[in-house]
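Let's walk through this structure together, starting with the whole and then stopping at a few places along the chain. Keep the view open beside the text as you read.

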Amino acid sequence: MADTPAWKLLLPRQLRHLPADLAGVIGIVILTNLAALLPVVSETRVRIVVGLVFVLFVPGYAFIAALFPEAGDGPTADDETVTNPEAEGIDGIDGIERVALSFGLSIALVPLVGLVLNFTPWGIRLVPILVSLSGLTLVLTAVAAVRRWALPPEERFRVPYRAWLSAGREELFSPASRTDAVLNVLLVLSILLATASVGYALTVPKEGERFSEFYLLTESEDGELVADNYPTEFQQGESGSLIVGIGNQEHERTEYTVIAELQRVERVGNQTRVQERSELRRFQPTLGHNETWHRQHEVTPGVTGERLRLQYLLYRGAPPETISQSTAYREVHLWINVTG
């Protein structure tokens, strides 16, 4: 009791005696939730690193720990192997098998949880996925702890941290030959290079293609936005509703200008010439990367005619003096008929 830190005495007895590997699982669960939900941390690369460790390994490890609470062959204590005759024949698995199965089961469990969430009202979103995977991992960890405590101490699985550290220290600093020493140096350099490469890839990710989405939508009877049932028949002076949409994938904050025009055009050979145009509306939104903007536009034609072109022109920044399809960054249009 005297050797127990004061802060540990505040914890329940079960948590104070929790095996180190299961305590690490709980720690990673808490760290993942903090990295994904805290306002400042969630915008950094820490979220990606911690999330990958959690998704690819932790749920599977908790599952394996619950299935196999007993020790397998190989070192299970801090600095010795299993030599207890009563522990021989234990139907367990060794450390390498645990690690391999943990990766495999995590890759199987995470998509399965996503599939189940897809058929629930919450859907596949960040918070439901975090709650589901964290809850599943904690439940499996609790089952693993209970099953280990039910075994005799000599049969319980333990991660041989000290044995691994001792073996690694001896191999690195006391090699059996000069060849082993050279291989150890190469191994350390390879690990450092791989770590630096992964860190650079996470810190400075390659940007994808830069583009902006520009589209027209309408509102259905149940209130959903759909790319269908566009109004094409108008009465002069009466309005029809459209939704103008922009999606910013430029990897930077961008100012846009949207100009809506009603044009009377004629076809000359392979070219379309504008005979008459009138500006209906102008929008000037500013969007951050990966942001989407929707704005309702009530179209009220002031002229009559058949096959009039209702055109929306998108510009990045301020538009030039000459407003036309050739100077626009993006363009969408509808052909409409307006009767008097």
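**A guided walk through the fold**

The accessible surface of the protein amounts to about 21100 Å², and carbon and sulfur atoms account for 58% of that area. Please keep in mind that this is a predicted model. Of the 340 residues in the protein, 31% are buried. The protein has seven helices and 10 strands. If you take the contacts between residues at least 6 apart in sequence, 70% of them join residues at least 24 apart.

Let's begin on the outside. Which residues make the nonpolar surface patch of about 860 Å²? Leu172, Phe173, Val182, Leu183, Val185, Leu186, Val188, Leu189 and Leu192 do. The elements that contribute two or more residues to this nonpolar patch are helix H6, residues 161-173, and helix H7, residues 178-203. H7 supplies the largest share, with seven residues. Val182 is a handy one to click on: this valine sits in helix H7. Val182 has a relative accessible area of 48%, and an exposed residue must be over 50%, so Val182 counts as partly exposed.

Now turn to a patch with another character. On the surface, Glu219, Glu221, Asp222 and Glu224 gather into a patch of negative charge. Asp222 belongs to the loop that runs between strand S1 (211-219) and strand S2 (225-226). Is Asp222 buried or exposed? Its relative accessibility is 58%, so Asp222 counts as exposed.

Moving along the chain, you come to the loop between S2 and strand S3 (233-235), where Asn229 lies. The phi angle of Asn229 is near 55 degrees, which is a positive value in a residue other than glycine. Asn229 is also exposed, because its relative accessible area is 64%. Where would you look for another such phi value? Try strand S9, which holds Arg307. Arg307 is not a glycine either, yet its phi is positive, at about 50 degrees.

While you are in S9, which covers residues 305-316, stop at Leu313. With a relative accessibility of 0%, Leu313 counts as buried. What surrounds this leucine? Leaving aside neighbours within four places in sequence, Leu313 is in contact with Phe214, Thr257, Val258, Ile259, Ile323, Ser324, Gln325, Ala328, Arg330 and Glu331. Ile259 is a good one to pick from that list: Leu313 and Ile259 are 54 residues apart along the chain, but their C-alpha atoms are separated by 5.2 Å.

The last stop is the charged pairs. Side chains of opposite charge can pair when their charged atoms come close. How many salt bridges does the count give? It comes to five.

One of them joins Arg148 and Asp21, with the closest N and O atoms 2.7 Å apart. This pair links distant parts of the chain, since Arg148 is in helix H5 (residues 126-149) and Asp21 is in helix H2 (residues 20-37), 127 residues apart. Both Arg148 and Asp21 are buried.

A second salt bridge to find is the one between Glu261 and Arg277, where the closest N and O atoms are 2.9 Å apart. Glu261 is in strand S5 (residues 254-268) and Arg277 in strand S6 (residues 271-283), so this pair ties together parts 16 residues apart in sequence. How do its two partners sit with respect to the surface? Glu261 is buried, because its relative accessible area is 4%. Arg277 has a relative accessibility of 37% and therefore counts as partly exposed.

Finally, look at Glu279 and Arg282, which form a salt bridge with their closest N and O atoms 3.0 Å apart. Glu279 counts as partly exposed because its relative accessibility is 44%. Arg282 is partly exposed too, at 37% relative accessibility.

Conventions:
Residues are numbered from 1 along each chain as its sequence is written. This is a predicted model: local features need pLDDT of at least 70, side-chain atom pairs count only at pLDDT 80 or more; totals for chains, interfaces and linings use all residues. Side-chain values use heavy atoms; hydrogens and water are left out. Patches are made of residues with over 30% relative accessible area and no salt bridge: like charges are joined within 9 Å, nonpolar side chains (Val, Leu, Ile, Met, Phe, Trp, Tyr) within 5 Å. Accessible areas come from the Shrake-Rupley method with a 1.4 Å probe; for residues, only the protein chains shown count as cover. A salt bridge is a side-chain nitrogen of Lys or Arg within 4 Å of a carboxyl oxygen of Asp or Glu. Lys and Arg count as positive and Asp and Glu as negative; His and the chain ends are not counted. The place of a charge is taken as NZ of Lys, CZ of Arg, CG of Asp or CD of Glu. Helices (H or I, at least four residues) and strands (E, at least two) are DSSP runs, numbered from the N terminus. Buried means under 20% relative accessible area, exposed over 50%, partly exposed in between (1.4 Å probe, protein chains only). Contact means heavy atoms within 4.5 Å.
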